[in-house]
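Subject: Structure for your review

Dear colleague,

Please find below the structure I undertook to pass on to you. My notes on its internal space and its charged contacts follow.

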Amino acid sequence: MAKGSDIHTTPFEVDQSLIALGAHLARTRLARGDTQRLAAERCGLHVQTVARIERGDPAVAIGKIFTLLHMYGQTERIFGLSTTDQATEILYRHHLPKRGRSNSKASP
């Protein structure tokens, strides 16, 4: 019987982004003359995991992808994903609970 995570499908755009990211990492690795095995050893990953990342497999844990990005000096890409844009920050602040007493009853 399939687990719930086994039947999850990712949107087309997500799949394409993962494939592009994997291809970028493969090109970066090859430009440095590294094999998948060497990259795996340096990151503490299995060589098949590196191959899956480079293929854009959506089932690979994000921490493993970030580890490979970090090893190849792509840490700014990770931080770029984690920064909040101005519109999101405004919406976030708008939805924060209000502190203090409620002024629903007018004082006499």
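The residues that line the largest cavity are Leu18, Leu21, Gly22, Ile53, Gly56, Asp57 and Ile65. Please bear in mind that this is a predicted model.

**Cavity**

The structure contains one cavity of 30 Å³ or more. The volume of the largest cavity is about 40 Å³. Helix α1, which spans residues 12-31, supplies the largest share of the lining, namely three residues. Sorted by class, the lining consists of four nonpolar residues, two polar residues and one charged residue. Asp57 is among the lining residues, and Asp counts as charged in this classification, as do Glu, Lys and Arg. Gly22 and Gly56 also belong to the lining; Gly is placed with the polar residues here.

**Salt bridges**

In total, four salt bridges are present. Three of them are described below, each with its burial.

The pair Arg29 and Glu54 is joined through the side chains, with an N to O distance of 2.6 Å. Because Arg29 belongs to helix α1 and Glu54 to helix α3 (residues 47-55), this salt bridge ties together parts that lie 25 residues apart in sequence. Arg29 is buried, its relative accessible area being 7%. Glu54 is likewise buried, at a relative accessible area of 12%. Both values can be read against the cut-off for burial, which is under 20% relative accessible area.

How far apart are the closest N and O atoms in the salt bridge between Asp34 and Arg42? The distance between them is 2.9 Å. Asp34 is buried, with 7% relative accessible area, whereas Arg42 is exposed, with 51%. The value for Arg42 meets the criterion for exposed residues, which is over 50%.

A further salt bridge links Glu89 with Arg93, and here the closest N and O atoms are 3.0 Å apart. Both residues lie in helix α6 (residues 86-94); they are four residues apart, so about one helical turn separates them. Glu89 is classed as partly exposed at 28% relative accessibility, while Arg93 is exposed, with a relative accessible area of 55%.

**Points to inspect**

When you open the model, you may wish to begin with helix α1, which contributes three residues to the cavity lining and also carries Arg29 of the salt bridge to Glu54. The pair Asp34 and Arg42 may then be viewed as a contact between a buried residue and an exposed one.

With kind regards

Notes:
Residues numbered from 1 in each chain as written. Predicted model: local features only at pLDDT ≥ 70, side-chain atom pairs only at ≥ 80, totals over all residues. Heavy atoms only, no water. 1 Å grid on protein atoms, 1.4 Å probe; cavity = no way out; pocket = protein on both sides within 12 Å on 5 of 7 lines; lining within 4 Å. Points joined across faces, edges and corners; volume = space filled by probe spheres on them. Helix = DSSP H or I, 4+ residues; strand = E, 2+ residues; numbered from the N terminus. Buried < 20%, exposed > 50% of the residue type's maximum accessible area, 1.4 Å probe, protein only.
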